[in-house]
Amino acid sequence: MKKQHIQHLYWRTGFGATPTQLEVLSQFDRHQVVDMLFQNATNLTVLETDTSEIDHLTQYDLKTKSNRKLFRDVSTKKLKAFNTLWVNRLVTSNALLREKMTLFWANHFVCRDNHILHVQQYNNTLRSHALGDFGDFVKAISKEAAMLKYLNNKQNRKSKPNENFARELMELFMLGEGHYTEEDIKESARAFTGYSHNYEGEFKLWQQQHDNGFKTFFGHTGRYDGDDIIDIILKQRQCARFICEKIYRYFVNENLDEARVNELTDVFYKDYNIETLMRFLLMADWFYDGKNIGVKIKSPIEFLVGILKMVPMEFKNAKDIIKIQKLLGQVLLYPPNVAGWEGGRSWIDSNTIMMRLKLPSVLLSNAKISLTEKGEFEDSFKKYYKQRSNDFVKVEVDWVAFEDQFDKVSTNDLKSILITTKLNNGTKSYFEGLSKTSKRDVCVQLMSLPEYQMC
Amino acid sequence: MDRRDFLKQSSLASSLFFVPSFIKALELISPKQLGYRRLVLIQLSGGNDGLNTIIPFNNDDYYRNRPNIAIPKAEVIKATNELGFHESMLPLKKLYDEGYMTILNNVGYPNPNRSHFRATDIWHTGSRSDQYLTTGWIGRFLDNYGDEPFNAIEIDDSLSLAMKGQHMYGIAAKNPQALFRTSQDPYFKNVLKHYDDEHLSEHNLGYLYKTMIAAESSAKYIFEKHKTGSNSKDYPKNAFAQQMKTTAKLISSGIDTRIFYASLGGFDTHAGQVQSQKRLLDIYAESIDAFVSDLKQQGTFNDTLIVTFSEFGRRVKQNAAHGTDHGAANNVFIIGNQLKQLGFYNELASLSDLDDNGDLKYTIDFRSIYATLLDKWLSVDHSRILNQSFSHLKFI
């Protein structure tokens, strides 16, 4: 497989391939490489932070104010720990595709909660269904404690239905706006009445609050419950299409290609198997078309994790990892609203672009970027960089691992490994005119370009 | 034909404004229509308890619902027979007495949301409570009437949703000097000096370059303006006062900024409210005091309108922890010297006829405040920004 294609595949299904990976994988063909991605994604490793400080607390313990406060405080602290644990998982996991899909679904089944145990459980539900059956996935999501709270399904009762979940189920999770009526929402909301969870976060159907009556939904009538409603929606081809459009935008190109989306929809509509869909997508010749390579703006998480994968480092203060996410505009577990992050150009404003361009040098070279031009003895901007101390973050960069990784890579090849898009002509000639004394310097130079923001 | 129509018709549309040479051309064909009035928005984040800020000191329901946290009548700085200010708000009471303040009671919207971030979203985007918008109302102001990111500045490290439009964003400049320094990295400057703009098309990479150029020039512009600006008063040492100080300094420089955005957090007083709210109101009132005196001294108060809001008010009934839970309608403060209706704009809603959650019912939709600010203060057409028409209020 061509190295450029491997890099493309690895950016879309992960966070970029390292030189070693490129070297090894280029000896296999596409079928084998894609197969390995799925092989590696087979195993499910749940993500868990240590919650022993509150695990022993029961429902009855929480009747006291002090225990409630303890629970809240620990939960807030552990949510942050879970965030950094997740980032770390993205950097280190071998199950690339499963993790990337988890990230995708987290921005599809958008949910936000302060209860660490419920958040953790929700996150692992995303992870375990990420490549499975879409119908089962939606049903599991509809029964998650965090989701029951987030979209008020917990308050959805027979005597007083709450339509929030039913509406978002159709608008955001399964069909998209305009493919259902207000009547469909009203009727399906009744099917989800009585949905609740116990203290442990397990789903409970509260029989007295559940409406057992007949509901008429998409032309069918029956004593439907929530699962039935989901099954009826799955029968709409629009449901398969809606998901495929989103998959296409995320994994292939923000600009939809009608014919390709139709191909995907044909595959997905058959059995709603996410793995089958992804395998078809990643094997398709058009996935590797030039017009699809290096044209997406990396999300802040893709950008950050991509750097950390190329140059391993340790953050002295875990809070810094959250600070960086905040300044880049994407903090995991804290989506802006129920529609999730919009993505694409909306990541970029005056502040985030500067932050993005500056971050690699801040992390890797004390905020300095080498700009000695060929034939120059000393760069003319010494003054700017003088007396710069980096108090923004404290990191320890593992340059040994970097040198190891890039040992066989020529300085020239660094560019094709780090940059997936074509360099702007002017920028290219400027970059080529820079003196390339060390791979580290060149790495920082490349990562500080607008082109590095693309994948 | 206004500026935005021109942009649309010229088919160069959205990102054209990033190209410096075009900006000059636009300036020529479209003379300044906006005047130099400025709007300063302040968010009290977390949900300020409006009822303990402007206190209904003759209301039995108020005292009955808040046995431990109600402000004793004797401590209230009385303004009318019914309503008075929290003692920490003394500086604002003075502005009220001088005719520089309007208080709008019961501001909210139908089916209020009580989650902080969702309610903040609603205020920032100007949406209905069942509607999810991805752009902020100030961002849409920029989309329709702005030229440059610095037409709307948030005094913070990163941008709030309110400041993000479809095609244009405001800029966050907590510290103009630090922002400038970052933008002046010699490596970036070299890249910008060398890049080939003939090939900057509409694709994503072109967008990144254009944003980088706009960021560099905005940071430079703000820094240079900030350098020429001044403050005529001392400000308290806290972070919020520093935001106000930076704002006053930028205003004094004649910067081409219509909207400033600042915020003060910590108002989520679920427990031990009396002390924590007092501390925050002290910070708020002392900072506003310094800010207004500074503006007056420098002759910029006439053209500056200061609007303070919170994403929601708090429950009428106190909770078991001597605090209050998330509520709904709340008061909004307008400060300036071109106010048409001084003091209390409307009566406080009933404390006995509450909504199902035990919260104040709204009588003024917050979007009619936005509409009034946009039309009457910034002289633009609010319906293009709020995507709907709202009736005006008469406070300006």
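Start by selecting A:Phe218, which sits in the loop between β3 (215-217) and β4 (220-222) of chain A. Keep in mind as you click around that this is a predicted model. Show the backbone here: phi of A:Phe218 is near 50°, a positive value in a residue that isn't glycine. Is A:Phe218 buried or exposed? Somewhere in between: with 15 other C-beta atoms within 10 Å, A:Phe218 is partly exposed.

Now jump to chain B for a companion case. Pick B:Asn106, in strand β5 (residues 101-108) of chain B. B:Asn106 also has a positive phi, about 50°, although it is not a glycine. The surroundings of B:Asn106 are another matter: it has 22 C-beta neighbours inside 10 Å, and 20 or more count as buried, so B:Asn106 is buried.

Stay in chain B and look at the core. The largest nonpolar core has 236 residues, and those that touch the most other members are B:Met101, B:Ile153, B:Val307, B:Ile334 and B:Ile369. Select B:Ile334 and display what is around it. Leaving out residues up to four places away in sequence, B:Ile334 touches B:Met101, B:Thr102, B:Leu104, B:Leu305, B:Val307, B:Leu339 and B:Phe395. As a general point, nonpolar side chains in soluble globular proteins tend to be buried together.

Next, go back to chain A and pick A:Leu9, in helix α1 (residues 3-13) of chain A. A:Leu9 has 24 C-beta neighbours inside 10 Å, so it counts as buried. Which residues does A:Leu9 contact, leaving aside neighbours within four places in sequence? Those are A:Val33 and A:Leu282. Add A:Phe287 to the selection too: A:Leu9 and A:Phe287 are 278 residues apart in sequence, yet 8.6 Å apart in space, C-alpha to C-alpha.

Time to zoom out. Colour chain A by its domain assignment: domain 1 (153-235), domain 2 (237-292) and domain 3 (300-453). Between the centres of domain 2 and domain 3 of chain A, taken over C-alpha atoms, there are 32 Å.

Now for a pair of helices in chain A. Select α17 (residues 319-328) and α18 (residues 350-364) of chain A. Their axes are 8 Å apart, and they pack at an angle of about 135°. That makes α17(A) oblique to α18(A). To see the contact, show A:Ile324, A:Leu327 and A:Leu328 from α17(A), along with A:Thr352, A:Met355, A:Arg356 and A:Leu359 from α18(A). By class, that contact has 5 nonpolar, 1 polar and 1 charged residues.

Keep α18(A) selected and bring in chain B. Here α18(A) packs against α9(B) with axes 9 Å apart, at an angle of about 100°. The two helices are therefore roughly perpendicular to each other. On the α18(A) side, light up A:Ser350, A:Ile353 and A:Met354; from α9(B), add B:Leu208, B:Thr211, B:Met212, B:Ala214, B:Ala215 and B:Ser218. This contact of α18(A) with α9(B) has 6 nonpolar, 3 polar and no charged residues.

Last stop: the whole contact between the chains. How many residues does each chain bring? Chain A gives 37 residues and chain B gives 37 residues. On the chain B side, the elements giving two or more residues are α5 (116-125), β7 (171-172), α7 (176-183), α8 (186-194) and α9 (204-228). Of these, α9(B) supplies the largest share, 10 residues. Colour the chain B side by class and you'll find 20 nonpolar, 11 polar and 6 charged residues.

Conventions
Residues are numbered from 1 along each chain as its sequence is written. Chains are lettered from A and ligands numbered from 1 in the order in which they are written. This is a predicted model: local features need pLDDT of at least 70, side-chain atom pairs count only at pLDDT 80 or more; totals for chains, interfaces and linings use all residues. Two residues are in contact if their C-beta atoms, placed from the backbone, lie within 7 Å. Helices (H or I, at least four residues) and strands (E, at least two) are DSSP runs, numbered from the N terminus. Ala, Val, Leu, Ile, Met, Phe, Trp, Tyr, Cys and Pro count as nonpolar, Asp, Glu, Lys and Arg as charged, and the others, Gly among them, as polar. Axes are lines fitted to C-alpha atoms, for helices over the stretch in contact, and angles run from 0 to 180 degrees between N-to-C directions. Angles under 35 degrees count as roughly parallel, over 145 as roughly antiparallel, 65 to 115 as roughly perpendicular and the rest as oblique. A nonpolar core is a set of buried Ala, Val, Leu, Ile, Met, Phe, Trp, Tyr and Cys residues joined through C-beta atoms within 7 Å. A residue is buried if 20 or more other C-beta atoms lie within 10 Å of its own, exposed if 12 or fewer, and partly exposed in between; C-beta atoms are placed from the backbone. Domain bounds come from an automatic or database domain assignment.
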